[in-house]
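Biologist: Please show me the model, and I will ask how each label was earned.

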Amino acid sequence: EEGMVVDITGMAFGGEGIARQNNFVTFVKGAVPGQRVTLKNLVVKKNHAKAEVGEVLQEFAGKEPPPCASFGECGGCQWQGVPYEQQVNWKQKFITDALTRLGGQKELPQLTFFPAPNSWEYRERIRVQLIVVPGGHKTLGFFRSGTHQVMAIPRCEIAAPPLNRLLCRLNQLQFDPKEDYHCAMEWQVCQSGQEATAATILLSDPVSEASLQSLVKQLKGFG
């Protein structure tokens, strides 16, 4: 029920905390193992329930202050504040669970996992959302958590340095006052590790050929 107090005992693939009561599972958005929380926006289904964190009554051990001011509002990541070593443990468990429980592998060979050398600035691919509205105004960033609303993000704390340099340059893009569209751009770090390169441009709205050519012209040479 709404306001129920639960203990988060596990982590689901996708970043939702898991609470169990009488063998009934509730997936709690924004929660991590070790927390005791109250529930809000509870939706009960046949075999499970989904909810969000109402209030954190007890924090997990080792919590760190998230360095990003947009954490929790931005949908780009879920685990800032959780020690990186713990994040790696969860990811390893996701992989082994997928191979055994979902993939039907009864016995697994010895798996070797390679954590990133840095606990921040490790992500080598990002999908940047760009919205252009009449007047030449733009919003460049990521989706707001749980929505398709784009929020401006000038820097991502988990993206590699070449991608953050790229975000800075993308924010300098200029647009014709008549342009009006939404697109997504996937960028990744080059093999050299020193530059970023465009992988894909995904159009969410119809875009005139002139607008697309203008965008591509500005993107040439980025990196």
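Modeller: This is a predicted model. Start with glutamate 179, in the loop between helix H2 (161–170) and strand S10 (181–189).

Biologist: How do you know that glutamate 179 has no salt bridge?

Modeller: A salt bridge needs a side-chain nitrogen of Lys or Arg within 4 Å of a carboxyl oxygen of Asp or Glu. The nearest side chain of opposite charge to glutamate 179, lysine 138, is 10 Å away, so there is no salt bridge. Glutamate 179 is nevertheless buried.

Biologist: What makes the pairing of glutamate 179 with the side chain of serine 211 a polar contact?

Modeller: The cut-off for a pair of N or O atoms is 3.5 Å. The two side chains are at 3.1 Å, so the distance condition is met. Also, a polar atom of the glutamate 179 side chain lies 2.9 Å from the backbone nitrogen of aspartate 176.

Biologist: Serine 211 belongs to helix H3 (residues 209–219). Why are Ser211, Leu215 and Leu219 said to be on the same side of H3?

Modeller: These three residues are buried. They cover an arc of only 70° around the axis, which puts them on the same side. Glu209, Ala210 and Lys217 are exposed on the other side of H3.

Biologist: Which residues does proline 134 contact, beyond its neighbours within four places in sequence?

Modeller: Proline 134 is in contact with Pro177, Glu179 and Asp180. Proline 134 sits in the loop between strand S7 (125–133) and strand S8 (137–143). Its C-alpha atom is 8.0 Å from that of aspartate 176, although the two residues are 42 residues apart along the chain.

Conventions. Residues are numbered from 1 along each chain as its sequence is written. This is a predicted model: local features need pLDDT of at least 70, side-chain atom pairs count only at pLDDT 80 or more; totals for chains, interfaces and linings use all residues. Side-chain values use heavy atoms; hydrogens and water are left out. Helices (H or I, at least four residues) and strands (E, at least two) are DSSP runs, numbered from the N terminus. Buried means under 20% relative accessible area, exposed over 50%, partly exposed in between (1.4 Å probe, protein chains only). Lys and Arg count as positive and Asp and Glu as negative; His and the chain ends are not counted. A polar contact is a pair of N or O atoms within 3.5 Å; within protein, one must be able to donate a hydrogen and the other to accept it, and residues adjacent in sequence count only if both atoms are side-chain atoms. The arc is that of the directions from the helix axis to the C-beta atoms. Contact means heavy atoms within 4.5 Å.
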